[in-house]
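Trainee: Before I use this entry, I would like to know what stands behind the words used to describe it. Can we go through them one by one?

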Amino acid sequence: MTSETVSEMDGWEVVIGLEVHAELATATKLFSGARNEFGGEPNTNIDPVSLGLPGSLPVLNEKAVELAIRVGLALNCSVQESEFARKNYFYPDMPKDFQISQFDQPINGEGWLELPDGRRIGIERAHLEEDTGKSTHVGGGGRIHEASYSLVDYNRAGVPLIEIVGKPDLRSGDDARAYVSELRSILVAIGASDGKMEEGSMRVDCNVSVRPVGEDELGTRCEVKNINSLRSLGRAVTYESRRQVDLITSGQKVDQQTRHWNEEDGRTHTLRSKEEAFDYRYFPEPDLVPVAPSAEWIDEIRAAMPLLPGERRHRLAEEAGIQPAAAALAVERGLDGLALASMDLGADPARVLVHVENNLADGQGALTADAFAALVSMETGGDLTATQAKTVLADLVDSGGDPAAVAATHGFETMDTSELEGFVDGLIAEHPDDWEAFVVGDEDERRKKSGFFVGQVMKATRGQADGRVVNEILERLAAGT
Amino acid sequence: MSALSLAGSVRSGERSARSIVEEHLAAIADGEGQIHAFNLVTADAALERADRVDDVVAQGGDPGLLAGVPVALKDNMCTRGVPTTCGSLILDGWRPPYDATVVERLDAAGAVIIGKTNMDEFAMGSSTENSAFGPTFNPRDTTRVPGGSSGGSAAAVAAGFTPLSLGSDTGGSIRQPAALCGVVGVKPTYGAVSRYGLVAFASSLDQIGPFARNVADAALLFEAVAGHDPLDSTSIPVSAPDLLGVLDRGVEGLRVGVIEEISGSGPTGLEGFAPDVQARLAEAAEALAAAGAVVEKASVPSTVFGLSAYYVIAPAEASSNLARFDGVRFGLRVDAENTVDMNAATRTAGFGDEVKRRIMLGTYALSAGYYDAYYGKSQKVRTLIVEDFARAYQSFDLLLSPTAPTTAFPIGEKVDDPMLMYLNDVCTIPSNLAGHPAMSVPFGVGDDGLPVGVQVLAPANGEPSMFRAAAVLEAAAGGSAGVAL
């Protein structure tokens with residue numbers, strides 16, 4: 001699905017910068033030994049520190065720092081000495097009424113992320129901070145101001161977050177989705193986060209502004225919150241950029257605001273204006289000391305990093321002789337290793353990628369590289385039709401085995417050309433109008449009708465015919481008339 | 001009797017811990033009505049605890065170095081299941097579900113916690129008049145303040161209610177009341193004693209430290225509670241220093257500087273030092289010289305800016321630390337139409353005037369557009385003070401000053417004039433800003449017959465030589481101060 005981009009429509013450019021919060025996959029919280037676990041009974045994963053009880057003090061979780069450094073390295077950031085700061089504001093689900101975050105000295109400085117299409121999107125910083133609890137407002141439509149009472153669950157309070165602040169380098173809802181999707185793949189690949197947007201372990205705030213194409217200066221931006229899926233992200237960008245263009249073209253101006261995405265009505269709504277913005281009164285957290293990871297430790301972490309999705313795309317693309325973008329799906333499905341191994345065993349790269357993209361959506365299952373390579377070789381050698389290969393492949397994924405043996409159990413054998421010609425002749429006789437349309441039609445029409453005839457042949461032969469051969473026969477017969 | 005000899009007698013089986021605790025509970029029953037040192041006396045728990053110590057002794061076990069010795073805790077240290085009020089209404093009904101690290105260490109050392117002592121609300125004050133539960137009275141003269149904010153802990157020791165107590169010192173809150181009550185009070189090096197379980201006032205300045213009637217007892221308690229704690233990230237990664245072992249080493253050859261700027265003795269510096277206090281300081285300097293120290297004038301010029309920097313940094317941190325008292329999770333809640341109003345109503349009813357004043361000061365100092373001019377500038381002053389001290393400590397091992405500009409002042413005299421009250425801490429604040437240790441030792445009395453304290457200052461981790469000098473001063477002043485039990 002594509003979201004329409006304003007720039008394509010009427011000469012406006014959308015500028016997007018994302019702030020992504022991801023929960024780090026640690027066993028315990030950022031500043032205490034309480035468990036970091038999703039879905040427990042309310043207020044069971046707590047201790048004096050995560051409740052912000054008087055007298056409690058934070059102690060930094062070393063694992064969280066390690067994961068944050070992994071994120072920094074994966075995003076090509078400068079990993080640096082950092083400091084925690086207090087971000088002060090009152091909210092019932094924030095136990096201390098301040099959040100321990102990083103302000104002017106984040107653990108990861110500038111970096112970049114490469115989209116599957118090769119574009120580099122700038123990263124401003126990626127810093128550590130603690131998560132808040134969760135409020136449930138009862139009565140008054142679930143809104144805090146009208147509720148009759150509120151319940152707070154502090155299980156999530158103090159869970160480590162990495163906030164990844166992207167530069168305003170994205171230009172469409174599709175860009176934004178591609179960025180978040182790539183970021184999620186990276187976070188999952190390096191074991192930093194499970195990246196589950198639906199469980200809230202990955203959350204996206206989206207800064208949107210618009211400007212006439214060709215203008216260098218940025219327009220006034222609005223921050224859109226409450227985006228809970230990639231789909232919402234695309235929709236929110238489309239709606240918000242359209243709203244801003246409409247304001248400007250109707251002679252009004254965009255106010256700097258924080259806005260709330262409403263999934264039901266598909267709109268963004270004012271949450272607070274610039275004037276109502278909080279003054280967070282940041283100052284260095286006096287209960288913690290600066291974090292100064294040694295060069296040796298950073299090197300150790302770097303050495304233990306797995307290959308990143310981008311590196312894997314490049315590796316597969318090079319081997320298969322394709323553009324990195326074309327290798328994206330294989331990598332996303334984690335099938336690039338299988339593909340590379342089977343190519344090494346001599347399988348045709350193009351067929352390998354066709355199967356990976358069309359027939360292995362649920363992963364490789366019991367399929368081995370050896371079997372995959374043998375199957376593809378049978379197919380390209382003409383021993384199996386594409387349809388038969390697909391059937392055999394499904395069996396191999398389900399229960400493994402040798403492709404030749406599996407093909408035999410299905411009774412697959414290639415029909416010879418003369419047998420096929422007989423089928424085709426019969427079909428032409430049964431469908432003279434379709435044949436006429438195929439012979440005289442334009443390219444589009446020919447494609448449609450060849451599809452029809454191939455389909456009929458497949459039906460008649462229960463899939464044993466080779467579609468490519470049927471096409472060749474059709475072409476030959478048409479040329480001969 | 002000293003804490004050391006009480007512990008010795010319990011350890012040797014000569015006395016029961018129960019008898020010691022009973023004796024002190026009796027003293028409290030006798031005198032507490034005049035002093036109001038305690039917010040809570042935990043008599044039953046103390047007697048049970050004493051019995052357990054006696055059981056250990058009876059079974060031939062090691063009951064610990066503080067075996068059977070009563071210790072009072074300032075009411076800002078968390079005690080599991082026991083109310084901890086910080087002298088405030090806002091913690092009404094709160095019983096911490098956990099013990100502060102110092103409480104666990106006292107427990108491990110065989111000490112008996114005897115109660116929670118009165119204090120200025122959230123440790124904000126210099127007279128213990130800012131307690132929501134009424135003032136504490138100075139045992140030396142009950143018309144006078146005991147100093148503050150740890151006034152209850154100082155008074156409890158001075159009155160003989162307990163041989164030992166713990167206080168907390170953010171800008172002088174142990175040393176100033178120690179001086180005014182005529183007992184020993186120690187502010188350790190920042191990070192020497194764990195702050196875990198100490199309800200924070202100003203995190204970068206707060207330190208827990210001992211009160212005692214003599215220097216050796218203060219060293220004993222210091223050693224029991226100090227040492228690295230993984231639960232406090234600012235805790236120094238070293239074990240407690242050996243202090244008792246060095247007390248008799250004297251000061252021969254130590255270089256001691258009397259800080260001109262905070263003793264009213266130089267051409268520059270602060271004024272307002274009472275002549276009797278200055279006279280005692282001069283005698284203390286002579287006593288050290290007589291014991292073989294090299295005593296000279298010292299200059300630490302930026303100490304005069306300490307008070308100003310402190311009254312930005314401490315309120316700034318406090319404004320953030322005290323945000324959590326919002327009525328949501330613990331303590332007082334004043335109901336209202338919605339959460340925001342409930343927060344406001346709770347804080348309006350729960351905090352006293354001085355706390356509100358400092359929260360407002362601190363919030364202002366951290367606000368956008370003012371941060372650099374106030375908080376930023378104050379941190380620069382703090383750096384200057386650290387650098388000035390470092391320079392001074394190139395020439396000196398220890399520094400000396402009065403602890404407070406005057407002896408104990410009458411109750412009510414300064415309570416309506418915050419600036420006058422704040423001036424009480426001019427001598428003590430610089431050590432907090434620098435993170436250095438300092439202690440107050442009783443040294444004679446003023447013209448009014450009330451105790452005068454002399455402050456010994458040392459560089460970070462300089463407690464051993466600081467205690468050696470304190471021991472010499474104590475001997476010169478005529479031995480153990482305070483009321484004998």
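Trainee: How many helices and strands are there in chain B?

Mentor: Keep in mind that the model is predicted. Chain B has 15 helices and eleven strands.

Trainee: What makes the radius of gyration of chain B agree with a compact globule?

Mentor: The rule is 2.2 Å times the number of residues to the power 0.38. For 485 residues that puts a compact globule near 23 Å, and chain B has 21 Å, so the two agree. Along the principal axes, the C-alpha atoms of chain B fill a box of roughly 60 × 55 × 45 Å.

Trainee: What share of chain B counts as buried, and what does the word require?

Mentor: A buried residue has 20 or more other C-beta atoms within 10 Å of its own. Of the 485 residues of chain B, 64% count as buried.

Trainee: Which residues of strand 5 of chain B point one way, which the other, and are they buried or exposed?

Mentor: Strand 5 covers residues 184-187 of chain B; Val184(B) and Val186(B) point one way, Gly185(B) and Lys187(B) the other way, and all are buried.

Trainee: How do you know that strand 5 of chain B pairs with strand 6 and with strand 10?

Mentor: Pairing needs at least two bridges between the strands. Two bridges join strand 5 to strand 6 (residues 207-212) of chain B, so the condition is met, and these strands run antiparallel. Strand 5 and strand 10 (residues 438-445) of chain B have three bridges, also in the antiparallel sense. As for individual partners, Val184(B) is bridged to Ala212(B) in strand 6, and Lys187(B) to Ala438(B) in strand 10.

Trainee: Why are strand 3 and strand 13 of chain A said to stand at the edges?

Mentor: Their open sheet has three strands in the order 3-2-13, with antiparallel pairing. Strand 3 (98-101) and strand 13 (283-284) of chain A each have a single partner strand, so one side of each lacks a neighbour in the sheet.

Trainee: How many bridges support the pairing of strand 2 with strand 3 in chain A?

Mentor: Four bridges, in the antiparallel sense, link strand 2 (residues 85-88) and strand 3 of chain A. Asn88(A) stands opposite Phe98(A) in strand 3.

Trainee: How many residues does each chain bring to the contact?

Mentor: Chain A brings 28 residues and chain B brings 34 residues. By class, the side of chain A that touches chain B has 17 nonpolar, five polar and six charged residues.

Key
Residues are numbered from 1 along each chain as its sequence is written. Chains are lettered from A and ligands numbered from 1 in the order in which they are written. This is a predicted model: local features need pLDDT of at least 70, side-chain atom pairs count only at pLDDT 80 or more; totals for chains, interfaces and linings use all residues. A residue is buried if 20 or more other C-beta atoms lie within 10 Å of its own, exposed if 12 or fewer, and partly exposed in between; C-beta atoms are placed from the backbone. Two residues are in contact if their C-beta atoms, placed from the backbone, lie within 7 Å. Ala, Val, Leu, Ile, Met, Phe, Trp, Tyr, Cys and Pro count as nonpolar, Asp, Glu, Lys and Arg as charged, and the others, Gly among them, as polar.
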